[in-house]
Amino acid sequence: MNVATRWLILVVWPGCNDYGVRGLDDVSAAVGSQPELVITPDLHDFARTHVPCSASVDLSLQNEGAGPLEIVDVTYESLGQMSVPLDAVGGVLPLILEPGESYVVPVTWAPSTAGLQTGTLEVSSDDPAGVTAAVQSGQADYAEVVTESFEEPEHPPLDILFLIDQSCSMALDNTDDLENGIPTFFATLDQVADWQLVQVTLEDGCANHGILSSSTPKAEEIFVRNAFQPQPVNDAFTERLLQHAATALALTGPDQCNEGALRDGASLHVIVASEEPEQSGQKWSSWVSVYQSYVGHPSLVKVSGILDVHTACGQGPDVGPAGYIDAVEATGGSAVNICQSDWSDGLTDLASAAVPGTRSYVLSSQPYAPSIVVEVNGVPTVDFDYDEDRLTVTVNEPPVNGGDLVEITYALPGSCS
């Protein structure tokens, strides 16, 4: 025993003959009654796992001392891969553990990226040793990394649905404009897209003459010949063209009359021609939402119209382009004024506006979505969307032009036991 200790004993226990023995016993008793916090395990290795598989471990906070332990604070730090439930301890602090008692804190590891990851639990208490810590670590790997390359064609795929109001005045006033404008319309489409077109004027929503494309012989003649039906038609659909477009799209499945009218990764351009407002009784936006459900990304849908844009050729209160023009403006389409004496030149604008600035690419495998990396001509971009249901990546920025190379790298989800 050193001198300082003997002097302390003399001060605390004056007047006693057995200073050393009594002083040492009292100090030993005081030390023995202290709390002691032990975290088990203090080091834990989750080992290797595949993203996004998860694992967990229970950390036992035990008082191995001889006196009550008061836990006043618990913190957990990681890069977000490892976590402790917010209510694991926070709701019971301060926490008193009697000697031998313990409290369990669960730690969950849910890796969303590959790499070595760690987490640290720190517990502040009245243990004389101070803050007690426990560390967890684990190595996360991707099961397999895939890179798919897409060279943007000079003519991106474009599917067109063309609907024409069949009221008597429409045929009388507009047949010559279609005859004059459709050849240039098709010629412009040839310059900007790999296009195909379905013309719908029949009540059942089926294409008049199947699917037209640049390879269809005399496509212009077929379109004009079928634009207006020789017999009166049911007005229940002919002035509800937004609704009727939805009817036609619903018939694009296997063994249905419009099968093949929609292609994976293609944009969709709905064109309506009418002197009247849209009269389906439902909000135009609900029909646009229906169209968007058929493509890989909402931006791939455009609505354009040959319409009474300025209400200059209609009569009575129910005139104008209401409903139609709203859909056109919301989707970035183009509108041609049907009230002009010769509106055929405007069809060129409809063809030019058909192709959106965004591009979509269908992946061959189901990716682990957070791992997707997109590069355009070797430059990474973060402005893209992923549609899990359609396995489609849509590049918003930068604009993808003909000849550009888009590379999409992603990890396949790991198999979790």
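**Exercise 1.** In this predicted model, determine how the residues of the lining of the largest cavity divide into nonpolar, polar and charged.

*Solution.* The division by class gives eight nonpolar residues, two polar ones and no charged residue in the lining of the largest cavity. To see which residues stand behind this division, list the lining itself: Ile160, Leu161, Val198, Ala248, Leu249, Thr252, Asn258, Ala261, Leu262 and Leu268. Turning next to secondary structure, the elements that contribute two or more residues to this lining are strand E11 (157-164) and helix H6 (241-249). The space that these residues line amounts to about 60 Å³.

**Exercise 2.** Establish how many cavities of 30 Å³ or more the model contains, and give the volume of the second largest cavity.

*Solution.* With the threshold set at 30 Å³ or more, the count comes to two cavities. For the second largest cavity, the computed volume is about 40 Å³.

**Exercise 3.** Describe the lining of the second largest cavity by residue, by element and by class.

*Solution.* Begin with the residues, which are Phe162, Ile164, Met170, Asn174, Leu178, Phe228, Ala273, Ile306, Ile338 and Trp343. Then assign them to elements: strand E11 (157-164) and helix H3 (168-192) each supply at least two residues of this lining, and the largest share, three residues, comes from H3. Finally, sort the lining by class, which yields nine nonpolar residues, one polar residue and no charged residues.

Notes. Residues numbered from 1 in each chain as written. Predicted model: local features only at pLDDT ≥ 70, side-chain atom pairs only at ≥ 80, totals over all residues. Heavy atoms only, no water. 1 Å grid on protein atoms, 1.4 Å probe; cavity = no way out; pocket = protein on both sides within 12 Å on 5 of 7 lines; lining within 4 Å. Points joined across faces, edges and corners; volume = space filled by probe spheres on them. Helix = DSSP H or I, 4+ residues; strand = E, 2+ residues; numbered from the N terminus. Nonpolar A, V, L, I, M, F, W, Y, C, P; charged D, E, K, R; others polar.
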